[in-house]
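Please look at the sequence and the structure below. The text after them goes through helix packing, then salt bridges, then the nonpolar cores.

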Amino acid sequence: MSDFDTAWINCHLATMAGADPYGAVPDGALAVKDGRIAWVGRRADFSGAAAKTVDAGGAWITPGLIDCHTHLVFAGDRAGEFELRLKGASYEDIAKAGGGIVSTVKATRAASLDELVSAASSRLQQMVSEGVTTVEIKSGYGLETAAELRMLEAATRLGAENNVDVLRTFLGAHALPPEFADDRNGYIDVVCSEMLPAAVEAGLVDAVDAFCETIGFTLGEVARVFDAAKALGLPMKLHAEQLSDSQGTQLAAKYHALSADHLEHLSQDGVAAMAAAGMTAVLLPGAFYFLRETKLPPIEALRAAGVPIAIASDCNPGSSPLVSPLLTMNMACTLFALTPEDALAGMTREAAKALGIAGDAGTLEVGKRADFCLWRISQPAELSYWIGDNPLAQRIKNGT
């Protein structure tokens with residue numbers, strides 16, 4: 001009987017674990033048993049029999065990429081708003097005029113489950129083709145119970161049909177729907193007492209998010225949503241400090257949220273709160289680029305405080321129509337001055353922390369899911385260096 005199902009040899013490993021840069025193991029070997037990593041280390045130290053041995057041809061092996069913040073499920077597009085912004089309109093101007101999130105809500109409400117799955121599949125398949133093995137998908141374009149549940153059901157189907165682990169985040173507090181324009185409290189009531197419990201009862205939600213911003217929801221409104229999430233035993237995350245310092249991060253820290261995301265206007269107090277609560281910062285260079293922002297997130301302050309930094313595509317129709325994890329990594333380096341090692345960690349190890357799955361994914365370590373990628377590169381920095389190239393040689397999900 002074989003010790004392992006499959007072993008990969010003649011490879012270099014970027015384990016993203018340990019003290020060495022990239023957790024690198026030159027001339028390494030990796031073996032899988034029952035969909036889990038069963039051995040990882042130097043090829044010279046490898047022993048045991050495998051039912052199948054794969055010569056990796058000198059490829060680098062990294063953990064599978066994790067996109068920890070996306071809005072992949074939606075209908076329609078907002079290319080027209082892109083043109084308006086280029087002519088001088090701001091994100092806030094468009095939102096106040098009835099565009100922005102609300103326009104996507106109209107299209108998404110009108111779409112069937114099959115239509116939502118079909119549209120999102122093409123976006124997800126692009127990510128998969130560049131090495132994504134886990135993706136977070138938010139609701140938030142339904143803003144009514146049936147449509148929100150349909151989005152979360154679409155996310156569930158996308159995972160099953162595309163061989164990807166999908167974590168589903170309920171984002172009912174994304175925007176105020178037109179029918180509640182004069183009743184903010186009434187809408188939050190529906191989010192907390194109807195939408196979220198229905199999603200939980202249907203088994204369609206893994207975490208809860210909210211948009212805390214001048215054009216989103218107030219601290220008090222977000223607190224109500226988080227109280228409902230806490231009562232249901234769900235982890236939390238927050239869109240925070242994207243357009244202003246609304247102190248949402250400090251609120252999220254009080255609830256021990258997994259992450260705060262965007263963070264361009266994050267204050268030193270917010271950084272300290274994140275560090276004390278053990279939160280992960282999720283930076284979204286695609287939105288920064290697409291909205292032509294100029295205020296950078298406080299990268300050095302986050303580093304100094306020891307806050308883990310993840311990166312994600314933020315794929316969405318309004319502010320980050322980005323479906324390339326590799327381009328996301330390049331943007332994180334060129335726009336935010338992350339190192340290539342930071343960028344790869346941000347889309348593997350730190351992204352796993354942002355989703356609460358670090359015990360199961362994000363590094364090449366014994367016992368974790370056998371989700372990894374083989375790349376035709378000579379050094380890991382190439383994953384962030386090339387623009388428009390895809391050096392993926394093979395994507396392994398659960399060992400196959």
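In this predicted model, α4 and α5 are oblique to each other, because their packing angle of about 45° falls in none of the ranges counted as roughly parallel, roughly antiparallel or roughly perpendicular. The axes of these two helices lie 9 Å apart, and α4 passes α5 in a right-handed crossing. On the α4 side, the residues that take part include L113, D114, L116, V117 and A120. They meet residues of α5, among them R150, M151, A154, R157 and L158.

A second pair of helices gives another case. Here the axes of α6 and α7 cross at roughly 15° and come within 10 Å. Angles under 35 degrees count as roughly parallel, so α6 and α7 are described as roughly parallel to each other. Their crossing is right-handed. From α6, the contact is made by R184, N185, I188, D189, V191, C192 and L196. From α7, which covers residues 219–231, the partners are E221, R224, V225, A228 and A229.

The next topic is charge. Side chains of opposite charge can pair when their charged atoms come close. The model has 24 salt bridges. One of the pairs joins two helices already described: R157 forms a salt bridge with D114, and their closest N and O atoms are 2.8 Å apart. R157 belongs to helix α5 (residues 145–162) and D114 to helix α4 (residues 113–129), so this pair links parts of the chain that are distant, 43 residues apart. Both residues also appear in the contact between α4 and α5. R157 is partly exposed, with a relative accessible area of 26%.

Another bridge connects R168 and D206, with 3.1 Å from N to O. This pair, too, links distant parts of the chain, 38 residues apart. R168 sits in strand β8 (residues 165–173), while D206 is in the loop between α6 and β9. Are the two partners buried or partly exposed? R168 is buried, because its relative accessible area of 12% is under the 20% limit. D206 has 27% relative accessibility and therefore counts as partly exposed.

The side chains of R42 and D45 also meet in a salt bridge, at 3.0 Å from N to O. R42 is partly exposed at a relative accessible area of 49%, and D45 is partly exposed at 44%. Salt bridges can also join into a network, as they do for R36, D165, D360, R369, D371 and K397.

The last topic is the nonpolar interior. The largest nonpolar core has 97 residues. Which of them have the most contacts inside this core? They are V73, V135 and M274. Helix α6 (residues 184–201) supplies the largest share of the core, with 8 residues. V73 can be followed in more detail. With its neighbours within four places in sequence left aside, V73 is in contact with L116, A120, I137, Y141, M151, A154, A155 and L158. Several of these names have come up before: L116 and A120 are among the α4 residues that meet α5, and M151, A154 and L158 are among the α5 residues that meet α4. A second core, separate from the largest one, has 16 residues, including W8, V32, V54 and L374.

How values were computed. Residues numbered from 1 in each chain as written. Predicted model: local features only at pLDDT ≥ 70, side-chain atom pairs only at ≥ 80, totals over all residues. Heavy atoms only, no water. Core = buried A, V, L, I, M, F, W, Y, C linked by side-chain atoms within 4.5 Å. Buried < 20%, exposed > 50% of the residue type's maximum accessible area, 1.4 Å probe, protein only. Helix = DSSP H or I, 4+ residues; strand = E, 2+ residues; numbered from the N terminus. Contact = heavy atoms within 4.5 Å. Salt bridge = Lys/Arg side-chain N within 4 Å of Asp/Glu carboxyl O. Axes fitted to C-alpha atoms, helices over the stretch in contact; angles between N-to-C directions. Parallel < 35°, antiparallel > 145°, perpendicular 65-115°, else oblique. Left-handed = near helix turned anticlockwise from the far one by under 90°.
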